[in-house]
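Student: I would like to go through this structure one question at a time. Please give the reasoning before each result.

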Number of protein chains: 2
Amino acid sequence: MDYDVIVIGGGPAGLSAAVYTRRAELKTAIIEKLTFGGIITTTDLIENYLGFPAISGADFGKAIQQHAMKYNPDMIQAEVHAVKPIEGGYAVESDAGSLTTKTVIVASGAAPKKLGIPGENEYFGRGVSTCATCDGPFFAKRDVAVVGGGDSALSEGLYLSRLVNKIYLIHRRDKLRAEPILQKRFSELSNVEYLWNSVVTKIAGEKKVTGITVKNVTTGEEQEINVSAVFIYIGEVPQTSFVDVKKDENGYIMTDENMQTSSPGIFAAGDCRHSLTKQAIISAGEGALAAIAAQMYIEGRLRSKERPEAVNPQRILS
Amino acid sequence: MDYDVIVIGGGPAGLSAAVYTRRAELKTAIIEKLTFGGIITTTDLIENYLGFPAISGADFGKAIQQHAMKYNPDMIQAEVHAVKPIEGGYAVESDAGSLTTKTVIVASGAAPKKLGIPGENEYFGRGVSTCATCDGPFFAKRDVAVVGGGDSALSEGLYLSRLVNKIYLIHRRDKLRAEPILQKRFSELSNVEYLWNSVVTKIAGEKKVTGITVKNVTTGEEQEINVSAVFIYIGEVPQTSFVDVKKDENGYIMTDENMQTSSPGIFAAGDCRHSLTKQAIISAGEGALAAIAAQMYIEGRLRSKERPEAVNPQRILS
C-alpha cells in the first residue's frame with residue numbers, strides 16, 4: 001500500500017484529520033483539488049472558531065494548512081475521480097494517478113450553488129454570503145436579501161431576522177417549499193418583505209455590497225433595492241460523486257457516530273457528511289474523530305455495530 | 001426565565017457553545033466549578049487542536065475563555081447540584097442559587113481518577129499524563145510507564161508502543177481486564193514489560209518525571225524504575241451526577257447525533273458525553289453543534305426522531 005490513510009479534501013476536516021493521523025505515525029496523503037484551507041478561506045472574517053476571536057478566512061486557511069504541514073503529510077494538488085475497492089483497502093484515482101491506501105477519509109466538502117450573476121463572485125465574502133451563522137452579525141440593524149425558498153433559506157432567515165433591520169426574501173416561485181413549521185414561524189416575523197416570482201439579476205457594490213437588481217419573472221419588471229448583504233440559499237452540491245457509499249437523497253454521506261461510512265475503511269467528515277449544520281469548528285472535530293477511528297480500524301480495534309447499512313450496488317447503479 | 005441557555009462547564013465544549021449561543025443573541029450563562037478553560041489548562045503543550053501548532057494548556061485556556069467573554073455570557077463560578085424540570089424549561093441549582101432556563105447544555109467534562117501518590121500532582125503535565133494522544137509524541141524513543149489494565153490503558157498503550165522505546169505496564173491484578181482483541185494485540189508488542197500485582201507508590205522527578213517506585217502487592221517488594229512519563233488509566237469519572245438523563249453504564253450522557261439527551265431541552269457536549277474518544281477539538285465542535293441544536297429547539301425547529309429513549313425514573317431510582 002502507498003498509504004495508511006488518504007484524506008480527500010484539504011479544508012478544516014481534512015487538515016485536522018491529517019494532524020491526527022500523522023501524529024499517530026500513519027503514512028498520510030491529502031488530496032485537494034482547489035485551495036488547501038478549504039472554502040472557508042473565501043470568508044471575510046471568522047469569529048466563531050473557538051480560539052480565534054477574529055481572523056480572516058485567508059489567514060485562517062494559512063494557519064490550519066501550516067499546522068498540518070508541520071507533520072509532513074504528502075499534500076497533493078489534484079482532483080479525485082474514483083475510490084475503488086482493492087484487496088486490503090482502496091485505490092484512489094485522481095489527476096495525480098492511482099494511489100493505494102488502507103483507509104480513506106472523505107472530507108471533500110460541499111459547494112454552495114451560485115446564482116451566476118454579475119457581482120456575485122466579485123463581492124463574495126464582502127456582502128455576498130452563503131452562511132448567516134458566520135456572517136449575519138456583521139449586518140446587525142442593516143437591510144439584507146435572502147435568496148431561496150427552502151429549509152436553508154428560511155432557517156437561516158429566522159436567525160438573521162433577530163439581527164438585521166429588514167429581510168427581503170426573494171424566491172423564484174409563488175410559494176415556499178420549506179417545511180411548514182419554518183414557513184409558519186417565518187410568516188410571524190414583522191421585518192420581512194416577500195418578493196415572489198423573482199430572481200436577482202445583478203449585485204452592485206463599492207468595495208462591499210450596496211444593492212441588488214431584482215426581476216419579476218412573471219411581469220418582466222425590474223427594480224433596484226438597497227441592501228448590505230445577499231445571503232444565497234439555492235442549494236449545495238456535496239462533492240461526493242467519486243465514492244460509492246451510502247448517501248442521503250442530496251448526496252451527503254451517511255456515517256455512524258464514529259464517522260464510519262457503509263464501506264469498511266472509508267470514513268467521512270465535515271461538510272460532505274449528512275448532518276444538522278456546517279461549521280468549521282464542527283468539521284475540525286469530525287476530522288479528528290475520523291482520524292482516530294481510521295487509526296483504530298487499521299489496528300483492528302474499531303467496532304462497527306452502528307455502521308450505516310452496506311450499499312447495494314444494484315440500487316446505486318439503477 | 002432567567003436564561004435561554006445555561007451551559008454547565010467552562011471547558012472547550014462549554015465555551016464554544018457560549019460563543020454560538022451568544023452570537024445567536026440567546027441569553028446565556030456558563031457555570032464552572034473550577035477553572036474556565038477546563039481540565040486541558042493543566043496540559044503542558046497542546047499540538048493537535050487545529051490552528052494552534054503549539055500552545056501551552058494555560059495559554060489555550062486563556063485564549064478560549066477570552067473568545068467566549070467577547071460575547072458577554074454571564075460567567076458564574078459555582079458548583080451545580082441539580083437540574084430540575086420546571087414549566088417550560090429547567091431550574092439549575094448551584095452554589096450561586098437557583099437559575100431558570102429554557103435549555104441546558106451539559107459540558108461538565110470527566111475527571112480522570114488519580115493514583116493519590118506523592119509526585120503525581122507535582123509533575124502533572126510534566127511527565128504525568130492521562131492522555132497518550134496528547135502527550136505521547138513528547139516521549140518518542142523514551143521509556144514510559146502505563147498504569148492500568150483496562151481498555152483505555154491498552155488502547156492508549158498500543159498507540160504509545162509505536163512511539164516510545166519501552167513501556168512498563170503496571171497493573172494491580174494478575175491479569176488484564178481489557179477486551180480480548182486489545183489483549184491479543186498488546187501481547188504481540190516486543191517493547192512491553194509487564195509488572196503484575198503491582199502499584200505505583202511514588203513518582204520522582206526533577207522539573208520533569210525521572211522515575212517511579214513500584215510495589216508488588218503480593219510480595220511487598222519495592223523497586224525503582226527510570227521512566228520519562230507515567231500515563232495513568234485507572235478510569236475516569238464523568239461529572240454528570242447532577243442531571244437525570246439517559247447515561248451509559250459509566251455515567252457518560254447518551255445523546256443523538258445532534259447532542260440531544262433523553263430530556264427535551266437538555267443537550268450534552270464534550271468529555272461528559274458517551275463517545276469514542278475525548279479531544280479538545282472534538283469537544284469544541286460538539287459544543288458548537290449543541291448550541292445550534294439548542295437554538296433550533298427554542299425556535300421550535302429541531303426534530304427529535306433520534307433522541308435517546310426517555311429516562312424511566314423508576315429505573316434510575318432503583
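**Loops, sheet and cysteines**

Tutor: In chain B, B:Lys141 sits in the loop between α3 (132-135) and β9. Keep in mind that this is a predicted model.

Student: Is B:Lys141 buried or exposed?

Tutor: The backbone of B:Lys141 has a phi near 65 degrees, a positive value in a residue other than glycine. For accessibility, the cut-off for exposed is over 50% relative accessible area. B:Lys141 has 69%, so the residue is exposed.

Student: Which loop holds B:Asn197, and what is its relative accessibility?

Tutor: B:Asn197 is another residue other than glycine with positive phi, near 50 degrees. Its loop runs between β11 and β12 (198-206) of chain B. The range between buried and exposed starts at 20%, so B:Asn197 counts as partly exposed, with a relative accessibility of 21%.

Student: Which strands are the edges of the open five-stranded sheet in chain B?

Tutor: The order of the strands is β8-β15-β9-β10-β11, with parallel pairing. An edge strand here pairs on one side only. That applies to β8 (128-129) and β11 (192-195) of chain B.

Student: Which residue stands opposite B:Val147?

Tutor: In chain B, strand β9 (residues 143-147) runs parallel to strand β15 (residues 229-232), and four bridges join them. The partner of B:Val147 lies in β15(B) and is B:Ile232.

Student: How many disulfides does the whole structure hold, and which cysteines form them?

Tutor: A search over all chains finds two disulfides. In chain A, the sulfur atoms of A:Cys131 and A:Cys134 are 2.0 Å apart, and both residues are buried. In chain B the S to S distance is also given as 2.0 Å, and the disulfide joins B:Cys131 to B:Cys134.

Student: What is the handedness of the disulfide between A:Cys131 and A:Cys134?

Tutor: The handedness follows from the torsion about the S-S bond. For A:Cys131 and A:Cys134 this torsion is about 75 degrees, so the disulfide is right-handed.

Student: Why is B:Cys272 not bonded to B:Cys131?

Tutor: A disulfide requires two cysteine sulfur atoms within 2.5 Å. The closest cysteine sulfur to that of B:Cys272 belongs to B:Cys131, and this is too far for a bond. B:Cys272 is itself buried, with a relative accessible area of 0%. The distance between the two sulfurs of B:Cys272 and B:Cys131 is 17 Å.

Note on methods: Residues are numbered from 1 along each chain as its sequence is written. Chains are lettered from A and ligands numbered from 1 in the order in which they are written. This is a predicted model: local features need pLDDT of at least 70, side-chain atom pairs count only at pLDDT 80 or more; totals for chains, interfaces and linings use all residues. Side-chain values use heavy atoms; hydrogens and water are left out. Two strands pair if DSSP finds at least two bridges between them. Helices (H or I, at least four residues) and strands (E, at least two) are DSSP runs, numbered from the N terminus. Buried means under 20% relative accessible area, exposed over 50%, partly exposed in between (1.4 Å probe, protein chains only).
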